[in-house]
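Biologist: I am new to this one, and I would like to understand how each label is earned. Could you show it to me and let me ask as we go?

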Amino acid sequence: MKKIQASVSLLSTVVLVSIFALSACSSTDNTPTSSALASANTKASPSAAIKEPTKAIEVTIMTWESPSMNDKIMASMKKFEAANPGITVKLIPAPLSDYGLKINQMIAANQGPDIFMTGNDMVIANGAEGRLYDWSAKAAGDKEFMDSFYNGVLDAWKQDGGKLYGLPGLLNTYGYFYNKKLFKDAGLTEPKAGWTYDEMFADALKLTSKKGGVQQYGLYATVDPFKLSLYSVSAGGAPFADGIVKPTKVEISPQFIEGLEKYKVAIANGSMIPPTFDQTNVMSNFKAGTVAMTQQGQWIADDLIRTAPNLDWGFVPGPVVSSQTEIYDAVGWSSPSNIKNPDAIWKVLKYMDSTMYAEVLPQNPVAPAAQKDAAKAYFDFLTSSNHADVANGVNHILQSKNVQPVRFLTTWAGKANPFIDAAWNNILTGKAPVSSLNDMVDKITKVIK
């Protein structure tokens with residue numbers, strides 16, 4: 001799994017399969033003759049009564065993962081079936097493209113899988129439309145399991161006064177990958193958790209060069225209002241958006257402006273890439289040893305471990321002003337509102353979020369699980385691969401008591417984002433005054449209202 005919208009490979013063409021969840025039952029022939037025989041046999045000898053075998057409940061699942069990942073998931077589900085006789089799990093092939101659109105079409109046609117992979121945005125949109133099953137009653141009766149998730153990750157899966165429209169599965173966090181040799185050559189100390197923004201910008205400036213006429217930036221990263229919100233909150237200011245699921249306002253605090261000015265300086269002096277910089281080749285250049293520091297999602301570590309074994313690199317969480325605050329988002333699992341076997345499906349959901357991920361992540365270590373015990377397998381793999389810094393860094397991010405939105409997750413996001421796009425880059429590069437933020441906020445506020 002990479003970033004939520006574009007992190008995972010989709011499977012082959014969708015197969016629309018009608019879902020018939022079969023509840024456990026026993027049946028008898030309704031003809032008078034067989035009823036009489038059954039009654040007579042029962043009276044004569046209870047053990048002689050003929051019972052139909054209990055039919056297994058089939059729970060169907062759909063993911064957008066790669067065939068290799070799906071194979072590992074289903075191998076683990078075989079163990080679930082062995083431990084839960086009477087429940088079978090079937091994987092439904094995912095659509096090749098337009099996953100969200102086609103899932104919605106399947107749900108509308110009552111042909112949706114019992115469990116399907118989803119992101120924060122999809123959960124909020126489908127939950128608002130009443131398309132998803134509310135798991136809050138099951139969750140209330142399973143407090144120990146629900147308390148095993150990292151702080152804040154369940155918030156984006158709850159709506160309408162606490163209705164729980166699914167469970168988060170894997171988390172995406174964001175930090176800084178850096179080249180240890182280039183830091184050493186520049187006479188810099190390697191960054192550690194708790195480093196400051198001022199330290200980051202100072203390091204970026206020292207790591208910047210124009211050797212041979214080729215511009216090498218010290219920091220390959222982008223900043224948007226949500227990332228800049230981390231500076232504001234860490235400095236004691238207001239967040240850009242005041243909520244994850246249903247923000248009621250956006251705000252530009254003095255601390256937000258303070259952080260913005262620092263990013264503007266870094267872009268102007270060439271120590272940080274401009275906002276329009278094409279980052280297509282950044283990771284290939286990082287592997288080649290020419291990029292000193294880049295902000296990326298934690299999934300990059302898996303690729304570096306596999307494909308750049310000789311590169312001396314490290315990972316560090318994002319900087320702070322004073323207090324820690326983070327952004328991270330999740331992919332997870334939801335169910336259509338009309339499922340027939342919630343007890344069995346809940347068992348499968350819990351297994352997938354815990355035991356299944358604990359078994360699969362060491363083989364595909366792209367992200368930590370949202371459930372802490374399952375995440376341990378991910379961290380253990382990174383540590384055993386001599387990258388405890390990634391394990392410690394990601395775990396540090398997930399321990400944050402303060403979590404901010406990574407983006408607008410609401411159904412009106414498509415109307416609000418163009419106002420950011422129209423103003424933000426010009427403000428960062430000095431082509432528009434900082435006061436233009438006020439107009440941007442006013443337009444977004446009208447969308448929210």
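Biologist: How many aromatic pairs does the structure hold?

Modeller: This is a predicted model, and the structure holds 23 aromatic pairs. F145 and W346 form one of them, with 6.4 Å from centre to centre and 85° between the planes.

Biologist: Why is the pair of F145 and W346 called edge-to-face?

Modeller: Two numbers settle it, because a pair of aromatic rings is described by the distance of the centres and the angle of the planes. Rings pair if their centres lie within 6.5 Å, and planes over 60 degrees apart count as edge-to-face. At 6.4 Å and 85°, F145 and W346 therefore meet both conditions.

Biologist: Where in the chain do F145 and W346 lie?

Modeller: F145 belongs to helix 6 and W346 to helix 13 (residues 342-360), so to speak of distant parts of the chain is fair: 201 residues separate the two. Both F145 and W346 are buried. F145 has another partner too: the charged end of K350 sits over its ring.

Biologist: How do you know that the charged end of K350 sits over the ring of F145?

Modeller: The distance limit for a charge over a ring is within 6 Å of the ring centre. The charged end of K350 is 5.3 Å from the centre of the F145 ring.

Biologist: What makes Y378 and F379 an edge-to-face pair?

Modeller: Here the centres are 5.4 Å apart and the planes make 65°. The limits are within 6.5 Å for pairing and over 60 degrees for edge-to-face, so the label holds. Both Y378 and F379 are buried. Elsewhere, ring pairs link F226, F240, F256, F408, W412 and W424 into a cluster.

Biologist: Let us turn to a sheet. Which strand order does the open sheet of three strands have?

Modeller: The order is 8-7-9, with antiparallel pairing. Strand 8 (293-297) and strand 9 (313-317) are the edge strands.

Biologist: Why are strand 8 and strand 9 called edge strands?

Modeller: Each of them pairs on one side only.

Biologist: How do you know that strand 7 pairs with strand 8?

Modeller: Pairing takes at least two bridges, and strand 7 and strand 8 have five, in the antiparallel sense. Y174 stands opposite G297 in strand 8. Strand 7 (residues 174-179) also has five bridges with strand 9, again antiparallel, and there the bridge partner of Y178 is G314.

Biologist: Why is strand 8 described as largely enclosed by the rest of the structure?

Modeller: Because five of the five residues of strand 8 are buried. Both faces are covered: M293, Q295 and G297 are buried on one side, T294 and Q296 on the other. That pattern is easier to read because side chains in a regular strand alternate between the two faces of the sheet.

Biologist: One last residue: why is V153 called buried?

Modeller: Buried means under 20% relative accessible area. V153 has 5%, so the label fits. V153 lies in the loop between helix 6 (143-146) and strand 4 (158-159), and touches P168, L171, Y328 and A370, leaving aside residues up to four places away in sequence.

Biologist: And how much of the protein counts as buried?

Modeller: Of its 449 residues, 51% do. The protein has 17 helices and 12 strands.

Terms used. Residues numbered from 1 in each chain as written. Predicted model: local features only at pLDDT ≥ 70, side-chain atom pairs only at ≥ 80, totals over all residues. Heavy atoms only, no water. Helix = DSSP H or I, 4+ residues; strand = E, 2+ residues; numbered from the N terminus. Buried < 20%, exposed > 50% of the residue type's maximum accessible area, 1.4 Å probe, protein only. Contact = heavy atoms within 4.5 Å. Phe/Tyr/Trp six-rings, centres within 6.5 Å; stacked < 30°, edge-to-face > 60°. Lys NZ or Arg CZ within 6 Å of the ring centre and 35° of its normal.
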